Amino acid sequence: MYLIDSIKIIHSFWSKPAFGANRDIEKYDGGWLHPKYHWMSWALSCLSFREKYDQVELVTDRRGKHLLVDTLKLPYTKITVELDGLNHYPEQLWAIGKLYAYQIQDAPFIHVDGDVYVWGRFGQDIENAELIGQHLDIEEGHYYHSLQHLERNNIQLLEEFKNDFSSRKRFDSSNAGIIGGNNIDFFKDYVDRAFHFINSNLDRINKNVNGSSFAMIYEQYLFSVMARNTGIDIKHLIQEKEENIMHLSDFFNRFGPLKFVHLLSRAKSMMECYGELELQLLCDYPDYYNRICSLFNDNAN
């Protein structure tokens, strides 16, 4: 077992999908209905992790640094500005900034999405694990339809996908709302393979290819397949196998044993989640709340 005093938390923000010319892609404004809530989410995520972890780092591009660090003044302990090097990729490949962030790590890490918030640490069993994921996705249909979608758009699938599903008849894929671990060599190999898959299909990626369907395969399913193929167990934060994982978006989790919220999936279309996010930031970090509201000429308290 790996024993460490502290594990670093990683945020990544490749700004091209959020600010690109195509407002129709699903990650324009991060998938939020209004950019104010996009920035509130980044703020609450960064600040809540800084309460519990000594190292909270950001991997981004120049525009992302200008927004999150220079404008919002979020207190990251280290900022790496390298994601402009991805700008030749189409903007629907929104998860490749995450892949890049995984690959450049040289110490144990947990990458968390910008819509994940915590009121406690993950615990030693997670922090000391070789590989970490958020939960095992039970909704297998999403992956099946994603593979069908990619094949209809002439995306050439990796042989390990075909072999894995042929032998298991299931996807058993980890959700990457949080992802990381102590096995740094694994992540370097995994990201190499993911970019090989992407690059070999780059001339086939057009406006008809759904970015989230592609990301489920090159990020989440590939991570899970390669872990199985190398005989490494993935330690999941959420152990229960539940059909409906939307309870993770409930802000009352802060008062329970989980102390974790992830506004995943359709939560960004639920207005009550917007109200809870705004109220949480206002109550816990009013200076940041006011700073963001001032950017949109809202009345700040």
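## Exercises on strand 2 and a helix pair

In this predicted model, V56, L58 and T60 point one way from strand 2 while E57 and V59 point the other way, and all of them are buried. Keep that picture in mind as you work through the exercises.

**Exercise 1.** Work out which way the side chains of strand 2 point and how many of its residues are buried.

*Solution.* Start with the general pattern: in a regular strand, side chains alternate between the two faces of the sheet. Next, sort the residues: V56, L58 and T60 go to one side, and E57 and V59 to the other. Finally, check the cover: five of the five residues in strand 2 (residues 56-60) are buried, so the strand is mostly covered.

**Exercise 2.** Find the strands that pair with strand 2, and follow the chain from strand 2 to strand 3.

*Solution.* Begin with strand 1 (residues 8-13), which pairs with strand 2 in the parallel sense over five bridges. Here I9 stands opposite V56. Then turn to strand 3 (residues 78-81): four bridges join this strand to strand 2, and the two run parallel. In this pair, L58 stands opposite I79. Now trace the connection: the chain leaves strand 2, passes through helix 3 (residues 62-71) and reaches strand 3, a right-handed β-α-β crossover.

**Exercise 3.** Describe how helix 6 packs on helix 9.

*Solution.* First take the geometry: helix 6 (residues 140-152) and helix 9 (residues 211-229) pack at about 115°, with their axes 8 Å apart. Helix 6 is therefore roughly perpendicular to helix 9. Their crossing is left-handed. Last, look at the contacts: the helix 6 residues include H142, Y143 and L147, and those of helix 9 include F214, I217 and Y221.

Terms used: Residues are numbered from 1 along each chain as its sequence is written. This is a predicted model: local features need pLDDT of at least 70, side-chain atom pairs count only at pLDDT 80 or more; totals for chains, interfaces and linings use all residues. Side-chain values use heavy atoms; hydrogens and water are left out. Buried means under 20% relative accessible area, exposed over 50%, partly exposed in between (1.4 Å probe, protein chains only). Two strands pair if DSSP finds at least two bridges between them. A crossover is right-handed if, with the strands pointing away from the viewer, the path from the first strand over the helix to the second runs clockwise. Axes are lines fitted to C-alpha atoms, for helices over the stretch in contact, and angles run from 0 to 180 degrees between N-to-C directions. Angles under 35 degrees count as roughly parallel, over 145 as roughly antiparallel, 65 to 115 as roughly perpendicular and the rest as oblique. A crossing is left-handed if the near helix is turned anticlockwise from the far one by less than a right angle, and right-handed if clockwise. Contact means heavy atoms within 4.5 Å.
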